[in-house]
Amino acid sequence: MSSIYFSISALFCIVLLLVLFFSKKKVASNETKIYGFMLISSLIDVILVIIELVITYYCSTQNSQVIVKVLNKIDFMHYILWPSLLTLYLYYITQPNMLQYKKFKQIIFAFSLLAIIIEIFLPINIISNQETMGVTGLGTMFVYSIAFVNFIIELFIFVRNRKSINHKKSIPFLFLILFLTLAAIVRILNPTLIVIPAIIVYINMIMYHTIENPDLKMLGQLEF
């Protein structure tokens with residue numbers, strides 16, 4: 001039951017982030033575009049998780065289990081897409097060569113699309129009752145594996161460019177390592193506690209304060 005409280009608090013945070021980010025005038029750069037997609041993906045993730053938990057806790061039937069399984073399949077797309085966007089973001093802020101960035105973006109999206117297609121056809125098992133909810137199966141292991149591959153790529157990019165990367169922009173990645181470690185410990189101690197959506201939202205919150213967003217008025221004065 002505790003999982004739903006984490007998810008509801010994450011929902012309030014991500015909605016606030018979306019309002020702040022999209023209501024503020026900003027330069028339309030690749031950095032802000034990637035971050036915008038990450039926020040939208042997180043919002044969908046949190047909403048889906050809350051719906052799944054509500055169905056599991058309050059209207060658990062045989063038919064509802066089918067709905068939860070479908071929602072989980074859709075939600076797993078987020079766990080492939082969001083880490084891929086983070087990898088793309090990290091590559092962008094460390095790679096001054098736009099041609100190389102565009103090639104890398106094509107590779108990442110092709111990899112993510114293929115992973116999503118494979119994930120759709122892999123089986124998952126829903127473990128649920130009025131107290132707990134969890135997802136197991138080959139599909140779950142595959143999604144975690146894809147997220148881990150993205151993490152290894154991010155770690156490689158980070159280490160390789162550690163001297164040139166802006167220290168401010170490296171903070172979200174460092175917190176990602178910390179939060180993933182905590183999530184792994186939580187999963188070992190309580191496998192049914194769902195905290196990953198909240199962790200992703202918190203990473204988004206930290207990133208919000210590192211996104212380059214020059215004042216448009218100031219830029220206009222410079223151009224004048």
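This passage looks at the packing of two helices in a predicted model, and then at two buried residues, I34 and N72.

Two packed helices are described by the angle between their axes and the distance between the axes. For helix α2 (residues 30–58) and helix α7 (residues 196–208), the angle is about 155 degrees and the axes lie 10 Å apart. Because angles over 145 degrees count as roughly antiparallel, α2 is roughly antiparallel to α7. The crossing of α2 past α7 is left-handed. On the α2 side, the contact is made by Y35, M38, L39, S42, D45, V46 and V49. Their partners in α7 are P197, I200, V201, N204, M205, M207 and Y208. Sorted by character, the residues of this contact comprise 11 nonpolar, two polar and one charged.

Helix α2 also holds I34. With a relative accessible area of 4%, I34 falls under the 20% cut-off and is therefore buried. Which residues does I34 contact, once neighbours within four places in sequence are left aside? They are L85, L88, Y89, Y92 and Y101. One of them, L85, lies 51 residues from I34 along the chain, yet the C-alpha atoms of I34 and L85 are separated by 6.5 Å.

A polar residue, N72, is found in helix α3 (residues 62–94). The relative accessibility of N72 is 3%, so N72 counts as buried. The side chain of N72 nonetheless has a polar partner: it makes a polar contact with the side chain of E52, at 3.3 Å.

Key: Residues are numbered from 1 along each chain as its sequence is written. This is a predicted model: local features need pLDDT of at least 70, side-chain atom pairs count only at pLDDT 80 or more; totals for chains, interfaces and linings use all residues. Side-chain values use heavy atoms; hydrogens and water are left out. Axes are lines fitted to C-alpha atoms, for helices over the stretch in contact, and angles run from 0 to 180 degrees between N-to-C directions. Helices (H or I, at least four residues) and strands (E, at least two) are DSSP runs, numbered from the N terminus. Angles under 35 degrees count as roughly parallel, over 145 as roughly antiparallel, 65 to 115 as roughly perpendicular and the rest as oblique. A crossing is left-handed if the near helix is turned anticlockwise from the far one by less than a right angle, and right-handed if clockwise. Contact means heavy atoms within 4.5 Å. Buried means under 20% relative accessible area, exposed over 50%, partly exposed in between (1.4 Å probe, protein chains only). A polar contact is a pair of N or O atoms within 3.5 Å; within protein, one must be able to donate a hydrogen and the other to accept it, and residues adjacent in sequence count only if both atoms are side-chain atoms.
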